[in-house]
Amino acid sequence: MTGRQLTSQAAAWERATAFSQSLDLGGAAAVYEAKPRIGRDLRAIRPGRHRAVTFLVRDVVGHLRTPGRSLGALAATATAGILLTVSLLPATPSALLAGAAGLLLYIGSGPLTKGVQHAAHVAGDYPLYGISDRQLVLLHTPFPVIAMMVTLAAAATTTALISGAVLGTALAGACAIGGITIALRLGNALKGPLPPTLLTPVSTPVGDLSVVMQVGWAFSDLLLALLAGLASAMIPASPIPVILLTIWVAVVLVARWKKRR
């Protein structure tokens, strides 16, 4: 191993440690993501195209350059659609399957929402390409929406036809969990570092509970993803849980957007 490689590994470890200390687990994991090596000769930007088409092609080419990561994300998305549809069947552990679907979809959607996350990360800085923050997010949204919704719909439809689940309910649940997950990913990117106020000790008769607040802050989006799966599975009984959760996620997203740096 060369000195340059050792220096690079040490710098990566230092960045990952800094992210971990601030409970930014996504940032810590991103440090060790492999750099694209395939499709480097594919042009992502071509002049003369409509702006929306340009951004969509750019996102598609970006995923073609990381095929393993992208296929893994699509596989996780399809599995989430299958689990959610199976959870609608009687005599199945609905809560377990639906909760697993919500968590799996959130974790697997990371690579598919890279463009949206990038747009959120640069929000508040000087406008890129003369495009406002809102426009940049909207231009990066079509790819994850199309990729996730098509994959979820295909998985839900196939599973419903095989298992006998109600197709309309399965598609409604897939659309609900997909939309909430994309919003959660955008909100997570806008979350920012751990607020210093949460580092303040909270003395109670049972000890310092500041750690509980820090862990809750770090894993709040995962909890909402779990609830998204459960609420989507409850659509046949009542759509109220998924509506209330959608409203809550929207409120949190708007609040984080207004507080972006």
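Contact here means heavy atoms within 4.5 Å. The model is predicted: local features need pLDDT of at least 70, side-chain atom pairs count only at pLDDT 80 or more, and totals for chains, interfaces and linings use all residues. Residues are numbered from 1 along each chain as its sequence is written, and side-chain values use heavy atoms, with hydrogens and water left out.

**Stop 1: the core**

Select L245. Leaving aside residues up to four places away in sequence, L245 touches I180, L224, L227, A228 and A231.

Next, add I180, L184, L186 and L190. Together with L245, these have the most contacts inside the largest nonpolar core, which has 48 residues. A nonpolar core is a set of buried Ala, Val, Leu, Ile, Met, Phe, Trp, Tyr and Cys residues joined through side-chain atoms within 4.5 Å. Buried means under 20% relative accessible area, exposed over 50%, and partly exposed in between (1.4 Å probe, protein chains only).

Now colour the helices. Elements that give two or more residues to this core include α9 (167–189), α11 (220–233) and α12 (240–258). Helices (H or I, at least four residues) and strands (E, at least two) are DSSP runs, numbered from the N terminus. Which helix gives the largest share of this core? It is α9, with ten residues.

**Stop 2: a surface patch**

Select I240, I243, L244, I247, W248 and V251, which make a nonpolar surface patch of about 610 Å². W248 is in helix α12. Patch residues have over 30% relative accessible area and no salt bridge; like charges are joined within 9 Å, and nonpolar side chains (Val, Leu, Ile, Met, Phe, Trp, Tyr) within 5 Å. Areas come from the Shrake-Rupley method with a 1.4 Å probe, and for residues only the protein chains shown count as cover.

**Stop 3: the salt bridges**

How many salt bridges does the structure hold? There are three, each a side-chain nitrogen of Lys or Arg within 4 Å of a carboxyl oxygen of Asp or Glu.

Select K191 and D221, whose side chains meet at 3.8 Å, N to O. K191 sits in the loop between α9 and β1 (203–204) and D221 in helix α11, 30 residues apart.

Add R256, which also forms a salt bridge with D221, the closest N and O atoms being 3.5 Å apart. R256 lies in helix α12 and D221 in helix α11, so this pair ties together parts 35 residues apart in sequence. K191, D221 and R256 are thus linked in a network of salt bridges. R256 counts as buried at 17% relative accessibility, and D221 at 3%.

Finish at R58 and D59, which meet at 2.6 Å, N to O. D59 is buried at 4%, whereas R58 is partly exposed at 32%.
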